Amino acid sequence: MALFFYPCIMKKSVYFEEGYLNFFKELAANNHKDWFDANRKTYLSDVKQPFENFVEALLEALKKKYKLGDLKASDCIFRINRDIRFSKDKTPYKIQMSALIAKGGRKNMEAPGLYIELGPEFFNIYTGVYMPEKPTLQAIREKLAANPDKFNKIITSKAFKDYFGEVKGEKAKILPAELKEAAKKQSLIYNKQFYLVHTQDAEKILQSDLLDHVLKVYAAADQYNEFIY
């Protein structure tokens, strides 16, 4: 599979320093408002600003290939504050920064955008379809049923296997009757989600090829995303 190259990205930049990882390691052990308030300046300088700079750089590169409109970094970045209203875990802060780059920004949980999570112990890159509405889910399943060989070729390609391994997602126990026969040939028809994940050690974010790496990983999913959505 041919991957898209970004010729404008020639200069390697380091977007994050050790302080980013250290902040979250300390936050994990002190996840309460008093500690966060006392360390807010460190959060702003070592975490929030570098993350915003990185998302802005990603957007600049991705807009050269994908239709993202006037999307801004602020449209994509999730707050560090956790929503604890319905959770047994009442710790107020997330132990990572995250962003969803897709048309519509972080509110678009259906389209196959680029979702990144940067924490102290992991660096995850996600794409694919995570929360399809019922009509979208049905359309994906019907496409898999109609084109199983084409889909199988995509998910067994070397680039796909190297970066993602396999398609992730919860599975349904029951299928519409008209899809049951096709599911015998392609079991992913049972999926309710069709997302991909590429995981790296957290230290990857300290390297100068970080931006190029994220772009290559996302590009490796192009044929997959075009097929399912």
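This passage describes a four-stranded sheet and a surface patch in a predicted model.

The sheet is open, and its four strands follow the order β1-β2-β3-β4 with antiparallel pairing. Its edges are taken by β1 (97-101) and β4 (194-200); each has a single partner strand, so one side of each is left without a neighbour in the sheet. On average, neighbouring strands of this sheet are turned by 15° against each other, with direction ignored.

A helpful place to look next is strand β3, which covers residues 123-129. Towards β2 (residues 114-118), β3 runs antiparallel and is joined by four bridges. These two strands form a hairpin with four residues between them, and Leu-118 has Phe-123 in β3 as its bridge partner. Towards β4, the pairing is again antiparallel, and seven bridges join the two strands. Within this pairing, Tyr-126 stands opposite Val-197 in β4, while Val-129 stands opposite Phe-194 in β4. Six of the seven residues of β3 are buried, so this strand is largely enclosed by the rest of the structure.

Following the chain onward from β3 leads to the surface patch. Tyr-130 lies in the loop between β3 and α5 (134-146). Tyr-130 counts as partly exposed because its relative accessibility is 42%, a value between the 20% limit for buried and the 50% limit for exposed residues. Together with Met-109 and Met-131, Tyr-130 makes a nonpolar surface patch of about 280 Å².

Conventions: Residues are numbered from 1 along each chain as its sequence is written. This is a predicted model: local features need pLDDT of at least 70, side-chain atom pairs count only at pLDDT 80 or more; totals for chains, interfaces and linings use all residues. Side-chain values use heavy atoms; hydrogens and water are left out. Patches are made of residues with over 30% relative accessible area and no salt bridge: like charges are joined within 9 Å, nonpolar side chains (Val, Leu, Ile, Met, Phe, Trp, Tyr) within 5 Å. Accessible areas come from the Shrake-Rupley method with a 1.4 Å probe; for residues, only the protein chains shown count as cover. A salt bridge is a side-chain nitrogen of Lys or Arg within 4 Å of a carboxyl oxygen of Asp or Glu. Buried means under 20% relative accessible area, exposed over 50%, partly exposed in between (1.4 Å probe, protein chains only). Two strands pair if DSSP finds at least two bridges between them. Axes are lines fitted to C-alpha atoms, for helices over the stretch in contact, and angles run from 0 to 180 degrees between N-to-C directions.
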